Amino acid sequence: MTDALENHNGTVSIGGRNITNLRFADDIDGLAGNEDELANLVSCLDDTSRKYGMEISAGKTKLMTNSTTPLTRNIVASGQQLETVNEFKYLGAIISEEGSKAEVLARAAQTAAALAKLIPIWNDRNISLRSKLKLLHALVMSIFLYACESWTLTAELQKKIQAVEMRCTRRVLGISYTDHITNEEVRRTVKQHIANYEDLLSTVKKRKLRWYGHVTRTDGLSKTILQGTVQGERRRGRQRKRWADNIKEWTGMNFATTQALAHDRQEWKRLISSPLQRPYDPGGLRDQ
């Protein structure tokens, strides 16, 4: 990558830092501010790869834009035109124009599949209900929670998360929706067997807050991307919810205040462990 980017000038700037790519091992996500820059980036990487006896897999390489204007230029790698898509998978998670919706729905489907594979366990009367619930969280819910720290949760997605939890829990408890037993009664039943039970949505929120605090206390690229700003203006009309909007909603504090609080590790841990249904007020720091 160092050789490939030697003659490439990127224009994507976040927090005053030019960022041309994100990479983990051989998974590379290139960033460009316009079509010409993107074509040059792909060309530089393609030419340099061949010099080292490597080849870009055109079939696995996709293009995606966050602009309302579609790509018009043909961009080629390894002699093949690259496909333009609305979403792609990177490091096991779906990156989509719709934000986190596609990823949450995909995780819900994978969770349902894992739940179905374990039907013999759920139907085994020799296994205690407490053990079944623990197996549910260890073997099924862990699939759903993969990379949940990166999600931007809308009201719709939060309802979806609760629905996933109820579907799984009811299956383990053997409770059908036709039994007319409320979700609250289901939760009370679970708490009778697991005293420290935490609902799935609260787990997602706490993981996201924990990751936010960790990144805020570091000085790496993650912090630059999370807290930095980019040039330009947001589009007119109703705006999409941003990742940081969840942090503000769940804590009742603005971004600057949460950044300051997150540097105090113990205070931030106390915030995360507090009920997230109401704003947290650490000694009067909450917005008035």
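Which residues is Leu136 in contact with, leaving aside its neighbours within four places in sequence? The tour comes to that selection after a look at the whole chain.

**Whole chain**

Load the chain as a cartoon; this is a predicted model. The secondary structure comes to 11 helices and 10 strands. Along its principal axes, the C-alpha trace spans about 65 × 50 × 35 Å. Colour by burial next: of the 288 residues in the chain, 37% are buried. For contacts between residues at least 6 apart in sequence, 61% join residues at least 24 apart.

**Two hairpins**

Select residues 21-24 and 27-30, which are strand 3 and strand 4. These strands run antiparallel and are joined by four bridges. Show Leu22 and then Asp29 in strand 4, its bridge partner. The hairpin has two residues between the strands, and Ala25 takes a positive phi near 55° there.

Move to residues 87-90 and 93-96, strand 9 and strand 10. This pair is antiparallel as well, over four bridges. Lys89 stands opposite Ile94 in strand 10. Two residues lie between the strands of this hairpin, where Leu91 has a positive phi near 55°.

**Helix 2 and helix 5**

Select residues 101-117 for helix 2 and residues 155-173 for helix 5. Their axes come within 11 Å and cross at roughly 0°, so helix 2 is roughly parallel to helix 5. On the helix 2 side, show Lys101, Val104, Leu105, Ala108, Thr111, Ala112 and Leu115 as sticks. On the helix 5 side they meet Glu156, Leu157, Lys160, Val164, Arg167, Cys168 and Arg171. Coloured by class, the residues of this contact divide into eight nonpolar, one polar and five charged.

**Helix 7 and helix 9**

For a second helix pair, select helix 7 (200-216) and helix 9 (243-251). They pack at an angle of about 110° with their axes 11 Å apart, which means that helix 7 is roughly perpendicular to helix 9. Helix 7 contributes Lys205, Lys208, Leu209, Trp211 and Tyr212 to the contact, and helix 9 contributes Trp243, Asn246, Ile247, Trp250 and Thr251. The classes here are six nonpolar, two polar and two charged residues.

**The largest nonpolar core**

Which residues touch the most other members of the largest nonpolar core? Select Leu136, Phe144, Trp151, Leu153, Ile161 and Trp268; the core has 42 residues in total. Elements that give two or more residues to this core include helix 2, helix 4 (129-144), helix 5, helix 10 (255-262) and helix 11 (265-273). The largest share, seven residues, comes from helix 5.

**Leu136**

Finish by centring the view on Leu136, which lies in helix 4. Is Leu136 buried or exposed? Its relative accessible area is 1%, so Leu136 is buried. Expand the selection to the residues asked about at the start: Leu136 is in contact with Leu115, Trp122, Met141, Cys168, Thr169 and Val172, its neighbours within four places in sequence aside. Two of these were shown earlier in the contact of helix 2 with helix 5, namely Leu115 in helix 2 and Cys168 in helix 5. As a last distance to display, take the C-alpha atoms of Leu136 and Ala114, which are 22 residues apart along the chain and separated by 9.6 Å.

Conventions
Residues are numbered from 1 along each chain as its sequence is written. This is a predicted model: local features need pLDDT of at least 70, side-chain atom pairs count only at pLDDT 80 or more; totals for chains, interfaces and linings use all residues. Side-chain values use heavy atoms; hydrogens and water are left out. Axes are lines fitted to C-alpha atoms, for helices over the stretch in contact, and angles run from 0 to 180 degrees between N-to-C directions. Angles under 35 degrees count as roughly parallel, over 145 as roughly antiparallel, 65 to 115 as roughly perpendicular and the rest as oblique. Contact means heavy atoms within 4.5 Å. Ala, Val, Leu, Ile, Met, Phe, Trp, Tyr, Cys and Pro count as nonpolar, Asp, Glu, Lys and Arg as charged, and the others, Gly among them, as polar. Two strands pair if DSSP finds at least two bridges between them. A nonpolar core is a set of buried Ala, Val, Leu, Ile, Met, Phe, Trp, Tyr and Cys residues joined through side-chain atoms within 4.5 Å. Buried means under 20% relative accessible area, exposed over 50%, partly exposed in between (1.4 Å probe, protein chains only).
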